[in-house]
Amino acid sequence: MSKVRPLAAATFLLGPAIYLAAEAITAAAWTSPSYSYADNWISDLGSATAGVFQGRELDSPLHVVMNSGFIVQGILFGIAAVLLSRTVSGRTRTFTAVTGIVTMIGYILVGTFHGSLQAQQNGTLPLHFTGATLAIFGGNVLALVLGIHWRKTPETRLIGLVSIVVGAFGLVSVVALFLTFDAGLPSGAIERGSVYTIVIWQFAVAIALLKNRANSRAPGVAATSASTSRASASN
């Protein structure tokens, strides 16, 4: 167990870091027209073809970078969730592992099948939307459920509260996205409200795992120091 926590923390840190870097690099390369974080969807960055799709002008020259970011984030999320499941027991352990793998599959589908006019024409668009649904709902539901579980224990109450807040916000955001799809609102920003919550949760869990590991070592250090002091006094 002593090795599981740092490994889970490392994968939870690395996945979103790579994902955010891929998004920033790909968005910066999109200059004709300029990419809009408010109006363009995240998956627009992964479109392999240029053109108009759902009213948005797509032209992502570094789509390979974004799609690689989706896939790497998904794989690392799945690994981290399976490792994290080792820290809980019973049905929560099974739920954590299974939901983590489902989320991973979602990210991989998003990175493999793109949202574009070409995808709509060749019939692969449903696979893209299926992947997005699995990734967004999977990540946010996992945060919410684990948050409820962690809130029951004093040592994990804080990360439990954070998990509940970000998971609930992410789910509300994705519902809002579906309900306001044709309302002229900044759909890209609303979508990010359901995706960035997963990223925030990954970072928060990683910090909590590292802090928990550091605290678990403290008694041993204290005991060693106390033993040394007693030995010195007796001499």
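A nonpolar core is taken here as a set of buried Ala, Val, Leu, Ile, Met, Phe, Trp, Tyr and Cys residues joined through side-chain atoms within 4.5 Å. In the predicted model described here, the largest such core has 42 residues. Those with the most contacts inside this core are Phe 12, Leu 84, Trp 150, Trp 201 and Val 205. Two or more residues each are given to the core by helices H1 (4-29), H2 (63-85), H3 (90-112), H5 (125-150), H6 (157-179) and H7 (187-234). The largest share, 8 residues, is contributed by H7. In soluble globular proteins, nonpolar side chains tend to be buried together.

The surroundings of Val 205 illustrate how core residues meet. When residues up to four places away in sequence are not counted, Val 205 touches Phe 12, Leu 84, Trp 150 and Ile 159. Of these partners, Phe 12, Leu 84 and Trp 150 are themselves listed, together with Val 205, among the residues with the most contacts inside the core.

At the level of the whole chain, 7 helices and 2 strands are present. Their order from the N terminus is α-β-β-α-α-α-α-α-α, with both strands thus placed between the helix that opens the series and the helices that follow. The protein chain comprises 235 residues, of which 42% count as buried. Among contacts with a separation of 6 or more, 69% are accounted for by residues 24 or more positions apart. The accessible surface amounts to about 11,400 Å², and carbon and sulfur atoms make up 68% of that surface.

Two individual positions were examined further. Gln 54 lies in the loop between strand E1 (51-53) and strand E2 (56-58). Although not a glycine, Gln 54 has a positive phi of about 55°. Most residues other than glycine have a negative phi. Gln 54 counts as partly exposed because its relative accessibility, 36%, falls between the 20% limit for buried residues and the 50% limit for exposed ones.

His 149 is located in helix H5, one of the helices that give two or more residues to the largest nonpolar core. With a relative accessibility of 26%, His 149 is likewise partly exposed, since buried status would require a value under 20%. Apart from neighbours within four places in sequence, His 149 is in contact with Val 88 and Thr 92. The C-alpha atom of His 149 is separated by 9.9 Å from that of Ser 163, a residue 14 positions away along the chain.

How values were computed:
Residues numbered from 1 in each chain as written. Predicted model: local features only at pLDDT ≥ 70, side-chain atom pairs only at ≥ 80, totals over all residues. Heavy atoms only, no water. Buried < 20%, exposed > 50% of the residue type's maximum accessible area, 1.4 Å probe, protein only. Helix = DSSP H or I, 4+ residues; strand = E, 2+ residues; numbered from the N terminus. Contact = heavy atoms within 4.5 Å. Areas by Shrake-Rupley, 256 points an atom, 1.4 Å probe, with all protein chains shown as cover.
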